[in-house]
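Trainee: Could we go through this one together, step by step? I'd like to practise reasoning from a structure to an answer.

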Amino acid sequence: MFKRECIVGIDIGGTKILTVVADMHCNVLAKVESLTNAFEGYERVIDRIVSSIYTALERAGIDVKEVCAAAACVPGPELDVKKGVVYFAGNLNWKNVDLKEILERKLKVPVFIENDANSAALGECLFGAGQGTSDMVYVTVSTGIGCGIIINKKIYHGASDSAGEIGHMVVLPGGPACSCGNRGCLEALASGTAIARDAKELAKKGCADAVLKAAGGEIEKINALAVAKAAKAGDGTAKEIFYRAGRMLGLGLANLVNLINPSLIVLGGGVMKSKELMWEPMEKEFYARAIKRAGQNVEIVSAELGSMSGIMGALAIARSYIE
Ligand SMILES: [Zn+2]
């Protein structure tokens, strides 16, 4: 009897969980989205993941016995890819969650775990903006700044799965406080959180009226999106905030390129939806700081898979179990 084989990809985000069933070519057959509701605790979240997988399988008309492998991408920063343990994921409020073991017990299929930025990097490399490239870096600028390094079409993990934490590269000693406890990290200067923080500070001094208006008049509601809205409408203060963030991003990328010498940098994440506000200062700073040959040999492009980059990488990881 013909056995239809398939794989499962799971993207566990701070806000929502995406689950897909795909064929062995990573063509998505069914997709289910659910809310993470991390406040309910990891057991409930994992139960929701499992039921989403069953819903996706049902929609695709596939029995769980036909699943060869599953892979989940989760936010870091602390996880062990081989053991499949999430030591710490701030966005999920998870500590020491044995995700691989729990999912394997519930699904009875091999499960792999990967850091979300690494998984998105692999997804973009194989199916998105990085197709045809073997050495590239994916950088996501969102609430935080994440990064995945691809060398020879494979994720570079480092000694303890911590490689690519460009968000915590110090670019301004003594600069603003970062969520990691350090100061002046790239994430504290160029992320959506940093953009919102700068705008809030100015609004408190009465110097960011257009941004405040874009946020509905409440300082606490100012986010990167409101700053972008004001900047796109021509507000000088909002434009300046994005300009500075763009410069810092360019500086971070130059450091990265000087170290890795990739042929491609793929930029993704929510803040990059307003890339026109950052691109020029980013490039200016990047080319001023990068080693000439390394800078000339790298192309900087936007991600192509949007919210699917992480899950496409997860599917590739699940498929590699069979290969
Ligand atoms: Zn940091």
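Mentor: Sure, here are some questions and answers on a predicted model.

Trainee: Let's begin with the metal. Which geometry does the site of the zinc ion have?

Mentor: Start with who holds the metal: His168 through ND1, and Cys178, Cys180 and Cys185 through SG, at 2.0 to 2.4 Å. The angles among those four donor atoms run from 103 to 127°. Four donors count as tetrahedral if all angles lie between 85 and 135 degrees, so the site of the zinc ion is tetrahedral.

Trainee: And what spacing do the donors of the zinc ion follow along the chain?

Mentor: List the donors in chain order: His168, Cys178, Cys180, Cys185. Now write an x for what sits between them, and the spacing reads H-x9-C-x1-C-x4-C.

Trainee: Is Cys185 buried or exposed?

Mentor: Buried means under 20% relative accessible area. Another donor, Cys178, has 10%, so that one is buried. Cys185 has 0% relative accessibility, so Cys185 counts as buried.

Trainee: On to the pockets. Where does the second largest pocket lie with respect to domain 1 and domain 2?

Mentor: The pocket has a volume of about 400 Å³, and 18 residues line it, with Leu122, Lys154, Ala316, Ile317 and Ser320 nearest its centre. Elements giving two or more residues to that lining are strand E8 (111-115), helix H3 (116-127), strand E11 (154-155) and helix H11 (309-320). Domain 1 (6-121 + 308-320) and domain 2 (131-303) both contribute to the lining, so the second largest pocket lies between them.

Trainee: How many residues of that pocket's lining are charged?

Mentor: Sort the lining by residue type. Nine are nonpolar and two are polar. The charged ones number seven.

Trainee: Now the backbone. Which residue does a cis peptide bond join to Gly76?

Mentor: Most peptide bonds are trans. Here, though, omega is about 10°. The partner is found in the loop between strand E4 (67-74) and strand E5 (78-80), and that partner is Pro77.

Trainee: Cys26 and Asn96 have a positive phi. Which of these counts as exposed?

Mentor: Most residues other than glycine have a negative phi. Cys26, with phi of about 65°, sits in the loop between strand E2 (16-23) and strand E3 (28-35), and a relative accessible area of 4% makes Cys26 buried. The other residue has phi near 50° and belongs to strand E7 (residues 94-97). Exposed means over 50%, so at 53% relative accessibility the exposed residue is Asn96.

Technical notes
Residues numbered from 1 in each chain as written. Predicted model: local features only at pLDDT ≥ 70, side-chain atom pairs only at ≥ 80, totals over all residues. Heavy atoms only, no water. 1 Å grid on protein atoms, 1.4 Å probe; cavity = no way out; pocket = protein on both sides within 12 Å on 5 of 7 lines; lining within 4 Å. Points joined across faces, edges and corners; volume = space filled by probe spheres on them. Helix = DSSP H or I, 4+ residues; strand = E, 2+ residues; numbered from the N terminus. Nonpolar A, V, L, I, M, F, W, Y, C, P; charged D, E, K, R; others polar. Domains from an automatic or database assignment. Donors = N, O, S within 2.8 Å, 3.2 Å for Na, K, Ca; no water. Tetrahedral: all angles 85-135°; square planar, octahedral: opposite > 155°, others 65-115°. Buried < 20%, exposed > 50% of the residue type's maximum accessible area, 1.4 Å probe, protein only.
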